[in-house]
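Read the sequence once, then turn to the model below. The paragraphs that follow go through its strands and helices in turn.

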Amino acid sequence: MKKILCALLVLAMSLSCFFGCSLKSDEKGNDSKIKIVTTIFPEYDWVMNILGDKKDNADVTLLLDNGVDLHSYQPTADEILKISNCDLFIYVGGESDEWVSEVLKKADNKNMKVINLLDVLGDKAKEEEVIEGMQSDHEHEEGEEHEHEPDEHVWLSLNNAKVLVNKIGTTLMEIDSKNKDVFSDNTKNYITKLDELNEKYQEIIKNANKKTLIFGDRFPFRYLLDDYGLKYYAAFAGCSAETEASF
């Protein structure tokens, strides 16, 4: 499967080089637009809020449609071409985005800005956690080393969202300095809304009688619950469709 994917990536990049000149000539009317590609909806939504009334000045692409699993997604040739020629590419990082490195290596636009959410968070990114009830049927033998992967669901924390929105905002200001003030104001306004929502969460949890959540399904909410000191138990270790509940 990996060999097939690599072959497709090479083919897509070759097509990108072949059609590159014609694409630029065909899109003269859109040359002034910022080309932005996002992998998941939260990134797309943040970008649209920061653009505000300057949305028409940007061509924003969302790669993952409704119902597409981040953990098994692979880009099409057309999507690879869009990434290769964009001005700003935003993705989560982690094992689900292993395909990204090959695409970026062969990208046509060498001045492209790239935002990896996990890299932006740095030490604030957490490792996947396995607690009671989340163990798989295939437990590691005692003493066997377990490879810890970063928890990719960083957007579910309002605190993380503030950091990520600020990064996207400052990057858009660098790309389109003409609209720097607009992007700056929109970024500040959005972060203010996140602060207000955060206060509501804190108030609700402060007055709650119980502070433990039970999930009978896959669990992506560690960042959110850790922010407010909530305990949790879940049937699945992650939200990938490939995970299975323990006995």
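**Strands and the helices around them**

In strand β4, valine 114 is the bridge partner of phenylalanine 89. This is a predicted model, and the pair above is a good place to enter it. Phenylalanine 89 belongs to strand β3, which covers residues 88-91, while β4 covers residues 113-116. The two strands pair in the parallel sense, over four bridges. Another residue of β3, leucine 88, stands opposite lysine 113 in β4.

How does the chain get from one strand to the other? Between them comes helix α4, residues 100-105, and β3, α4 and β4 together make a right-handed β-α-β unit.

These two strands are part of an open sheet of four strands. Its order is β2-β1-β3-β4, and the pairing is parallel. Which strands stand at the edges? They are β2 (58-62) and β4; each has a single partner strand, so one side of each is left without a neighbour in the sheet. On average, neighbouring strands of this sheet are turned by 10° against each other, direction ignored.

A second parallel pair is made by strand β5, residues 212-215, and strand β6, residues 231-234. Four bridges join them. Within this pair, leucine 213 has tyrosine 232 in β6 as its bridge partner. From β5 the chain crosses through helix α8 (residues 222-227) to β6, and this β-α-β crossover is right-handed.

The next step is from strands to helices. Helix α2 lies across β1 (34-38), β2 and β3, and runs at about 165° to β2. Helix α2 spans residues 41-51 and packs with helix α6, residues 158-175. The angle between the two helices is about 55°, and their axes are 10 Å apart. Angles from 35 to 65 degrees fall outside the parallel and perpendicular ranges, and α2 and α6 are therefore oblique to each other. The crossing of α2 past α6 is right-handed.

Which residues of α2 meet α6? They are Trp46, Val47, Ile50 and Leu51, and on the α6 side the residues are Ala161, Leu164, Val165, Ile168, Gly169 and Leu172. By class, the residues of this contact of α2 with α6 are nine nonpolar, one polar and no charged.

Helix α2 also packs with helix α7, residues 180-206. The axes of α2 and α7 come within 7 Å and cross at roughly 125°, which makes α2 oblique to α7. In this contact, Asp45, Trp46, Asn49, Ile50 and Leu51 of α2 meet Val182, Phe183, Asn186, Thr187 and Tyr190 of α7. The contact of α2 with α7 has six nonpolar, three polar and one charged residues. Trp46, Ile50 and Leu51 of α2 are listed in the contact with α6 and also in the contact with α7.

That leaves the contact of α6 with α7. These helices pack at an angle of about 175°, with axes 9 Å apart. Angles over 145 degrees count as roughly antiparallel, and α6 is therefore roughly antiparallel to α7. Among the residues of α6 in this contact are Leu158, Val165, Gly169 and Met173, and among those of α7 are Phe183, Tyr190, Leu194 and Tyr201. The residues of the contact of α6 with α7 divide into eleven nonpolar, six polar and three charged.

Conventions: Residues are numbered from 1 along each chain as its sequence is written. This is a predicted model: local features need pLDDT of at least 70, side-chain atom pairs count only at pLDDT 80 or more; totals for chains, interfaces and linings use all residues. Side-chain values use heavy atoms; hydrogens and water are left out. Axes are lines fitted to C-alpha atoms, for helices over the stretch in contact, and angles run from 0 to 180 degrees between N-to-C directions. Angles under 35 degrees count as roughly parallel, over 145 as roughly antiparallel, 65 to 115 as roughly perpendicular and the rest as oblique. A crossing is left-handed if the near helix is turned anticlockwise from the far one by less than a right angle, and right-handed if clockwise. Contact means heavy atoms within 4.5 Å. Ala, Val, Leu, Ile, Met, Phe, Trp, Tyr, Cys and Pro count as nonpolar, Asp, Glu, Lys and Arg as charged, and the others, Gly among them, as polar. Two strands pair if DSSP finds at least two bridges between them. A crossover is right-handed if, with the strands pointing away from the viewer, the path from the first strand over the helix to the second runs clockwise.
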